[in-house]
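Subject: Structure for you to take over

Hello,

I am passing this structure on to you. Please open it first and then read the notes below.

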Amino acid sequence: MSAPQPFVDLEEIARARTVIAGAVRVTPVSVSASLSDLIGVPVHLKLEQSQITGSFKLRGAANAVASLLDAEKRRGVVAVSTGNHGRGLAYAARAAGVRCIICMSRLVPQAKIDGIKAQGAEVRIVGNSQDEAQEEVDRLVSADGLSMIPPFDHRAVIAGQGTLGLEILDQVPDAATVLVPLSGGGLLSGVAAALKARRPQIRIIGISMERGAAMHACLAARKPIPVEELATLADSLGGGIGLDNQLTFAMTRALVDAVILVSETEIAAGIRHLYWQERQIVEGSGAVGVAALLAGKIASSGPVVAILSGGNIDMGQHHRIISGEDVDVTQEAA
Ligand SMILES: *Cc1c(COP(=O)(O)O)cnc(C)c1O
């Protein structure tokens with residue numbers, strides 16, 4: 001057992017903002033007239049799906065790569081990821097001239113492999129599960145000295161995600177409630193640390209899907225526990241928080257005011273609303289805040305900010321959802 005690490009603080013997040021300023025986009029905020037009418041207070045959408053690589057994950061990845069020592073940069077970075085973390089890390093590494101290897105299992109669909117390759121990473125296909133891919137990562141770390149960059153439970157990653165919170169402070173200084181999509185808790189930990197340091201009275205609401213909400217289950221159990229991963233429209237929110245979680249469990253527990261769960265039908269309604277009413281293409285994980293608002297699950301006495309955390313959705317699936325087809329991913333294999 002290692003000693004508990006101190007929380008990532010405002011100073012680390014402010015430093016991250018300077019470090020990654022040239023590597024990431026300051027994403028816009030737009031007021032939603034339809035959602036403001038519905039809730040009775042201004043609702044602002046933080047359009048982070050328009051971030052380079054299609055999600056906020058670039059922020060943490062860029063800060064983590066920048067934080068490496070020169071000798072580590074010469075050896076390269078490695079991660080297991082089929083999704084937004086892999087894309088962000090691949091892009092950040094290439095921009096910094098650092099080698100990047102992303103390991104994936106043989107079960108990963110070709111489209112996801114191509115998405116990561118397009119960002120310039122080497123892709124290594126190993127084994128038949130995420131665990132076997134992780135073994136290859138461990139081997140590259142010990143044999144070749146590559147640095148493993150995890151998707152959330154890492155100081156520099158959390159500080160990078162926290163820069164999104166600093167942007168919200170600038171863009172919506174009177175925000176009362178911020179809706180943060182929640183999986184491993186890197187985004188929520190960073191954003192909440194930034195916002196609560198400057199505005200202690202602000203409310204931070206984590207939003208997860210009903211199917212496989214790992215952090216929610218761990219908070220209820222008061223410790224990291226294994227949670228079964230289930231197929232969901234919010235696929236970027238799947239997966240556990242790690243039984244040996246060092247930072248994001250403790251930070252989320254201390255900083256989150258509530259966690260709200262949304263159903264598959266509610267997530268689909270969120271995606272649909274964002275397209276037809278707001279003209280935004282958002283993936284399921286990025287639409288959970290709007291899903292919760294539409295479902296009447298959020299009350300706020302002041303302005304609300306919903307973070308649209310990503311936009312990497314299969315466009316065929318998106319088309320079916322916005323066309324009102326009944327898209328049920330829960331019958332498919334995870
Ligand atoms: C990773 C991700 C999340 C969740 O972030 P955590 O730091 O794991 O809580 C939310 N939305 C999108 C689009 C993501 O890629």
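The notes below cover the two sheets and the ligand site.

This is a predicted model, in which local features need pLDDT of at least 70, side-chain atom pairs count only at pLDDT 80 or more, and totals for chains, interfaces and linings use all residues. Residues are numbered from 1 along each chain as its sequence is written, and side-chain values use heavy atoms, with hydrogens and water left out.

Six-stranded sheet

Helices (H or I, at least four residues) and strands (E, at least two) are DSSP runs, numbered from the N terminus. Two strands count as paired if DSSP finds at least two bridges between them. One open sheet has six strands in the order β1-β2-β10-β7-β8-β9, and its pairing is mixed. Its edges are β1 (29-31) and β9 (258-262), each of which pairs on one side only. On average, neighbouring strands of this sheet are turned by 25 degrees against each other, direction ignored. Axes here are lines fitted to C-alpha atoms, for helices over the stretch in contact, and angles run from 0 to 180 degrees between N-to-C directions.

Within this sheet, β7 (residues 177-181) pairs with β10 (residues 304-307) in the parallel sense over three bridges. V178 stands opposite V305 in β10. Two helices pack on the sheet, where contact means heavy atoms within 4.5 Å. Helix α9 (residues 186-198) touches β7, β8 (203-209) and β10, and its direction makes about 170 degrees with that of β8. Helix α12 (residues 264-276) touches β2 (43-46), β8 and β9, at about 90 degrees to the direction of β9.

Four-stranded sheet

Another open sheet has four strands in the order β5-β4-β3-β6, with parallel pairing. Here the edge strands are β5 (122-125) and β6 (147-148). Strands β3 (residues 77-80) and β4 (residues 100-104) pair over four bridges, and C100 in β4 is the bridge partner of V77. Helix α7 (residues 130-144) lies across β3, β4, β5 and β6, running at about 165 degrees to β3.

Ligand site

The ligand is surrounded by 16 residues (a heavy atom within 4 Å). The closest are K57, N84, G185, G186 and S309. The shell divides into five nonpolar residues (Ala, Val, Leu, Ile, Met, Phe, Trp, Tyr, Cys and Pro), nine polar (the others, Gly among them) and two charged (Asp, Glu, Lys and Arg).

An oxygen atom of the ligand is 2.8 Å from a side-chain N or O atom of N84. A polar side-chain atom of S309 lies 2.6 Å from a nitrogen atom of the ligand.

Regards

Methods
Polar contact = N/O pair within 3.5 Å; in protein donor to acceptor, adjacent residues only side chain to side chain.
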